[in-house]
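Here is a short briefing to read alongside the model. Have the viewer open, and follow the bullets topic by topic.

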Amino acid sequence: MERSGAIGRCPVQEQRARWERKRARTARELLETERRYQEQLGLVATYFVGILRAKGTLRPAERQTLFGPWELIYGASQELLPYLEGGHWGQGLESFCPHLELYTQFAANAERSRTTLQEQLKKNKRFRRFVRLQEGRPEFGSLHLQDLLPLPLQRLQQYENLVMALAENTGPHSPDHQQLTRAARLISETVQRVHSIGQKQKNDQHLQRIQALLSGRQAKGLTSGRWFLRQGWLLVVPPRGEPRPRMFFLFSDVLLMAKPRPPLHLLQSGTFACRALYPMAQCQLQRVFGHSGGPCGGLLSLSFPHETLLLMCTDQEELLRWHHSLTLAIR
């Protein structure tokens, strides 16, 4: 009688073998991608940062704003790679973690870096010619400087995924298990900080854009310190008369209703005048109709201590998005 292939197999040994295969694949991917990452960091450090410093094409402050701690991040990768090549994953990543603050600094500078690049390409002819010349080098393989500048933040996300997988597939009795687990935690915390910085930068962009759209003395400082959630046209339904279109800006704490300035207004055409500011902490929200999911839209009722606002939207999906955003603001 033939013996079953399953007889004699040890489930624990099979699990360990699967862990080891996944660990080996992850370690190989981390090593190969680190080599490529370091190569690209080196290209920017050599052909942009170093030469710009020597030529003086940009002032030191402009160069620092454009590249941030790029050379320090490059140096951290140069320290890490020999550990990875020697198979000392835990030791190498533990030594690398004190450099994670550089990635937080890089993220905090990212928006200023993008703005500086755009400004210098627009107004600095010498810099524009220099960038085109360097990007034309065969080493860059048709990559542009603006494609390479986000590289450290993209790599940080890869670090999180790869180091987490490496830690998860390393047995608890392995000598580098604690080092890898600690490194995975510290990298994940850095990713969260970087994400928060990015969210704040996006919010600041929204606030600046909205502030530029608002005109008049009442509009000054209205967006300062707030978190933007949504904007769009809604119809205000009065007790009597026809619904009136108004632009609404929803923030985390208030709903701003604005009226468009006349298109022929001499100085403020294309802007909005603030008509009312509603505190969301005092709002009670209700959908009067628009529950069926059909295409006909519906009404939202927003009750405040001294006023009830009826808002109409003819698009059902847009109505649901507004209802969701308003609910978030009320919470």
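In this predicted model, Trp-233 stands opposite Met-247 of strand β3. That pair belongs to the antiparallel pairing of β2 with β3, which is where the tour begins. After the strands come a helix, a loop and the cysteines.

**Strand pairing around β2**
- Strand β2 covers residues 228-236 and strand β3 covers residues 244-251; eight bridges join the two, and they run antiparallel.
- β2 also pairs with strand β8 (residues 307-313), again in the antiparallel sense, here over two bridges.
- Within the pairing of β2 and β8, Leu-235 stands opposite Met-312 of β8.

**Helix α10**
- Helix α10 is made of 15 residues, 316-330. From its first C-alpha to its last it reaches 21 Å, close to the 21 Å expected at 1.5 Å a residue.
- Asp-315 caps the N-terminal end of this helix, with a side-chain oxygen 2.9 Å from the backbone nitrogen of Glu-317.
- Which residues of α10 are buried? They are Gln-316, Glu-318, Leu-319, Trp-322, Ser-325, Leu-326 and Ala-329.

**The loop between α6 and α7**
- Arg-137 sits in the loop that links α6 (125-135) to α7 (145-148). Because its relative accessibility is 28%, Arg-137 counts as partly exposed.
- Tyr-47 is 90 residues away from Arg-137 along the chain, yet their C-alpha atoms are separated by 9.4 Å.
- Ser-142 also lies in the loop between α6 and α7. For a backbone check, note that phi of Ser-142 is near 70°, a positive value in a residue other than glycine.
- Is Ser-142 buried or exposed? Its relative accessible area is 62%, so Ser-142 is exposed.

**Cysteines**
- How many disulfides does the structure hold? The count is zero.
- Why does Cys-274 form no bond with the closest cysteine? The closest cysteine sulfur, in Cys-283, is 16 Å from the sulfur of Cys-274, and that is too far for a bond. For reference, a disulfide requires the two sulfur atoms to be within 2.5 Å.
- Cys-274 has 11% relative accessibility and therefore counts as buried.
- Cys-97 is buried as well, with a relative accessible area of 10%. The cut-off behind both of these labels is under 20% relative accessible area.

Methods: Residues numbered from 1 in each chain as written. Predicted model: local features only at pLDDT ≥ 70, side-chain atom pairs only at ≥ 80, totals over all residues. Heavy atoms only, no water. Pairing = 2+ DSSP bridges. Helix = DSSP H or I, 4+ residues; strand = E, 2+ residues; numbered from the N terminus. Buried < 20%, exposed > 50% of the residue type's maximum accessible area, 1.4 Å probe, protein only. Expected span 1.5 Å × (residues − 1). Polar contact = N/O pair within 3.5 Å; in protein donor to acceptor, adjacent residues only side chain to side chain.
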